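Student: Could you take me on a close look at a single part of this protein? I would like one connected explanation that I can follow while I look at it.

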Amino acid sequence: MTTILTLVDFSGAAANAVSFAAELSKRSSARLIIVNILQNSAGEDATMNKLKSMESDLKKKFGPDLTCESFLAHGDFITTLKKIITVQHPDIIVMGTKGASGLKKILIGSNTVNVIANTKVPVLVIPEVARFDNFFNKGKNGIVLATDLDLLENGDALDIVKQIALLVVAPKVKVLSVRPKNTSLSDSKRMERDFLLSLFSPEIESERITVFSNSVISGIYFYLTQKSTDTGLIAMIARDSGHLIRKHYTRDIASHTHLPLLVLHDI
């Protein structure tokens, strides 16, 4: 990672996401860009002061190893963001959410879902209750990659997962697939699973996890609540963003918003 972009609205959830992004930036020696997008000029001076204060506080907290800058942009949220992406080329966008109720709200058209649906940049959604230390320093070293095992069009789509994993002490990636009982994988899905596992070898330990359920979301929910104690991050691939968000980011997944959620794009 060379550039991390975080979008802020000065809420508590956004402030927590900025701290998460700053720690990620420091550990990866990436540049952190903090942006607020105003759709009109009201409150411009106050917003600029807030941005500069946030930038200053981060530099004091994280020290000289943090490369950080902030700026204010104007215009339609998505249109303006796309322009910023074109200029800054972020490797990942970090955004905050308040938790279960907050994630339920973003399902119906908030900025977070708009970013996921309208850009191809990986989005790391940080719940307000999540803390960076819990993932990187306190044994939550497991990354669950939930996948349907369909063929990836873009072999580089998972690079960001590996880059984040390499910042964790003794990381472990778990390739999780869900399928109905008494079924077997097709040859193509088995090959895809082997390919996914190979992406993290030899630097990162990886394993395959299979959960039997008629519902993908219920299967993921079961694994996270009943079978896993070391998960610090969930990663999912958005092949068809709008459809995936409506179908898969349901109340069951919303209940897991104490965990950071990394949304990737295949193409």
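Tutor: Happy to! Start at G63, which comes just after helix α2 and takes a positive phi of about 85 degrees. Keep in mind that this is a predicted model. Now step back into the helix itself: α2 covers residues 44–62, which makes 19 residues. At 1.5 Å a residue, α2 should span 27 Å, and its end C-alpha atoms are indeed 27 Å apart, so the two values agree.

Next, which residues of α2 are buried? They are T47, L51, M54, E55, L58 and F62. These residues cover an arc of only 95 degrees around the axis, and therefore they sit on the same side of α2. What do the buried residues of α2 pack against? Their partners are α1, β2 (31–38) and β3 (67–74). Turn to the face of α2 that points away from its buried side, and you will find the exposed residues D45, N49 and K60.

One of the buried residues, L58, leads us further into the protein. The largest nonpolar core has 51 residues, and L58 and L262 are those with the most contacts inside it. Helix α1 (residues 12–28) gives the most to this core, namely seven residues. As for L262, leaving aside residues up to four places away in sequence, the residues it touches include I92, P122, V123, L124, I160 and M236. There is also a second, separate core of 33 residues, with L5, A146, Y223 and L261 among them.

Key:
Residues are numbered from 1 along each chain as its sequence is written. This is a predicted model: local features need pLDDT of at least 70, side-chain atom pairs count only at pLDDT 80 or more; totals for chains, interfaces and linings use all residues. Side-chain values use heavy atoms; hydrogens and water are left out. A nonpolar core is a set of buried Ala, Val, Leu, Ile, Met, Phe, Trp, Tyr and Cys residues joined through side-chain atoms within 4.5 Å. Buried means under 20% relative accessible area, exposed over 50%, partly exposed in between (1.4 Å probe, protein chains only). Helices (H or I, at least four residues) and strands (E, at least two) are DSSP runs, numbered from the N terminus. Contact means heavy atoms within 4.5 Å. The expected span of a helix is 1.5 Å times one less than its number of residues. The arc is that of the directions from the helix axis to the C-beta atoms.
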